[in-house]
Amino acid sequence: MRSPRFWLVIVLLASTAFILQSRGDADRIPISQPLSQMPEHFGGWTAQDVPLTDDTLAVLGKGDFLNRIYTSQPAATTSSTTRLAPVSLFIGYFASQRTGQTMHSPQNCLPGAGWTFDSQRYTGLQDINGKRYKVGEYVISNGDIKQFVIYWYQAHGRSIPNEYRAKLYMVADAIRMNRTDGALVRVITQVLPSESLDSARERATQFTQLMAPNLPRFIPD
Amino acid sequence: MPYAVDVDAKEANTELPLTSPSGAPAGLGWLPYASIALLVVVLYYRVAIKLVYDWATLPDYSHGFLVPLFAAFLVWDKRKVLQTTPIRQSWFGVPLIVFSIAVLILGVYGVELFTSRMSFLFLMTGLIWTFFGWAMVRALRFPLLVLVLAIPFPAILFNQITFPLQLLASRIASDILPLLGVPTLHEGNVIELPVMKLEVAEACSGIRSLMSLFTLAVFYGYFLERTNRRRVLLALASIPIAVAANVARIVGTGLCVQYWDPEKALGFFHEFSGWVMFVISLACLYLVHRAMQLISPVRAQTT
């Protein structure tokens, strides 16, 4: 046993122990505002909170959640037909995903609630300040009801539509910055039977462009 | 909250070196082994605390407590073979040790629980290979492999498998219920009965008990079957059984809602996910096993 092999293994294990101990096991959690302070009015949109049930909160885990429906006031709009349907905004922010807390993918939640994904593509959008976001656009349907969905993962100033890439970046950022905070942002609007898909996309996109500049306060870069 | 688990996790740490065989020679021969074991404990105590905490808090991984015991039993069961296995130290294990250390550091720094947990198994294999030789790794491969069952799978991948199965179970159940006089409206995992909605909050989760069932099937197969082919078959049977048990759970609840008391049915629904599911699954496993024996009877003296 008292061989070069033994000493090599002892040195390897001991130095690893040293490397791990020097790191500690708490990550850096930057200060951010609670999501409940998200403005209730942007442009012509007015918010109404939709409380999440205790069961849902239990499934979502330890994070800060915003679930709202924004309706546009008819007076503030010129063409009322394009803005009639409300927009639902869901944000789930996790200050730390160290303890195995992970963001739930809408790819599971939406089919779980009976929705099927009709189409999906990754695209970019620019908010009203010109900041670029990489987002996923999806059309989902349930029977006759169609909805247009935009969602992406937001962490450390980076927007990623793909959940696996988001996970990879989380690991990379945990190594580089010792941070595991991140959020999921989801915007849904119904495609009204009387309107085209493009008009619903337009509504969801415009809402997202107005809302996105608020995000860094709640989801630190 | 995680601080509260320190006490029982410390106890669990004593289970860590279980996989390394105790074949120390007399005298001070145990000292090198002890120093390596001590370093392994220092490396993995945080990982182990979190793992044991998960077994205690995630209902779908409570079987994790049984797995190390089962692995220890397997080692004990093989003690005669292990005693006759020649010990040949080998340099070939060292690269595996280096690899597992790299995986551990990556897992801890990258806050990836699955990789840091898996690295423990790689390290164990590497240590056994280095100090006891490849023949010993071969002799211990099953107990080492079994330990994988105690490690929660990353949800992001696991959901890809379990989620479609969950949808399937919901669909079958909502097809069966109307035949028994319970009209249903079925949307994904959400089943609407005349008086109430089922499984709304669980819309995001698949058949999470699949891992428990799979583990159970592996244990069952090990004790009651003799060939590996049949054991694998039994383990795979746990997948349709998990679906069937879930169908039974949903149908049972639907019947209770319709013909008994909705309030009590919901309690029943949640209870059902615990021990009744377990009993039903075990019964199904037994039936599959019986069917296997009927279709292809075991030839005498197979090894």
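Chain B exposes an accessible surface of about 15,200 Å², and carbon and sulfur atoms account for 70% of that area. The model is a predicted one, so everything below is read from computed coordinates. Turning from the surface to the inside, buried residues make up 49% of the 303 residues in chain B. The chain is built with 12 helices and three strands. Its contacts reach far along the sequence, too: of those in chain B with a separation of 6 or more, 74% join residues 24 or more positions apart.

Helix α3 of chain B gives a good look at how one element sits in this fold. Running over residues 66-77, α3(B) has 12 residues and reaches 16 Å from its first C-alpha to its last, close to the 16 Å expected at 1.5 Å a residue. Its buried residues are V67(B), P68(B), F70(B), A71(B), L74(B) and V75(B). These residues cover an arc of only 160 degrees around the axis, which puts them on the same side of α3(B). Among the elements covering them are α2 (30-57), α4 (79-84), α8 (141-146) and α10 (210-224) of chain B. On the other side of the helix, L69(B) and W76(B) are exposed.

W76(B), which has its place in helix α3, also shows up in a nonpolar surface patch. The patch covers about 430 Å² and is made by F73(B), W76(B), F223(B) and L224(B). Two elements, α3 and α10 of chain B, each give two or more residues to it. Helix α10 thus turns up twice in this account, because it is also among the elements that cover the buried residues of α3(B).

A little further along chain B comes I87(B), in the loop between α4 and α5 (93-109). I87(B) counts as exposed because its relative accessibility is 51%, and the cut-off is over 50%. Even so, leaving aside neighbours within four places in sequence, I87(B) is in contact with F131(B), F132(B) and M136(B). S116(B) is another matter: its C-alpha atom is separated by 29 Å from that of I87(B), with their positions 29 residues apart along the chain.

Two residues stand out for their backbone. V111(B), not a glycine, has a positive phi of about 50 degrees. It is found in the loop between α5 and α6 (113-132) of chain B, and at 7% relative accessibility V111(B) counts as buried. In chain A, N178(A) has a positive phi of about 60 degrees, although it is not a glycine either. N178(A) lies in the loop between α4 (163-177) and β9 (182-191) of chain A, and its relative accessibility of 16% makes it buried.

Then there are the charged pairs. Over all chains the count comes to 15 salt bridges. In one of them, the side chains of R68(A) and E40(A) meet at 3.8 Å, N to O. R68(A) is in strand β3 (residues 64-72) and E40(A) in the loop between α1 (4-23) and β1 (41-42) of chain A, 28 residues apart. R68(A) is buried at 1% relative accessibility, whereas E40(A), at 42%, is partly exposed.

R201(A) forms a salt bridge with E137(A), with 3.2 Å between the closest N and O atoms. Since R201(A) lies in helix α5 (residues 197-211) and E137(A) in strand β6 (residues 132-142) of chain A, the pair ties together parts that are 64 residues apart in sequence. Both belong to a network of salt bridges that links R121(A), E137(A), D198(A) and R201(A).

How values were computed:
Residues are numbered from 1 along each chain as its sequence is written. Chains are lettered from A and ligands numbered from 1 in the order in which they are written. This is a predicted model: local features need pLDDT of at least 70, side-chain atom pairs count only at pLDDT 80 or more; totals for chains, interfaces and linings use all residues. Side-chain values use heavy atoms; hydrogens and water are left out. Helices (H or I, at least four residues) and strands (E, at least two) are DSSP runs, numbered from the N terminus. Buried means under 20% relative accessible area, exposed over 50%, partly exposed in between (1.4 Å probe, protein chains only). Contact means heavy atoms within 4.5 Å. Accessible areas come from the Shrake-Rupley method with a 1.4 Å probe; for residues, only the protein chains shown count as cover. The expected span of a helix is 1.5 Å times one less than its number of residues. The arc is that of the directions from the helix axis to the C-beta atoms. Patches are made of residues with over 30% relative accessible area and no salt bridge: like charges are joined within 9 Å, nonpolar side chains (Val, Leu, Ile, Met, Phe, Trp, Tyr) within 5 Å. A salt bridge is a side-chain nitrogen of Lys or Arg within 4 Å of a carboxyl oxygen of Asp or Glu.
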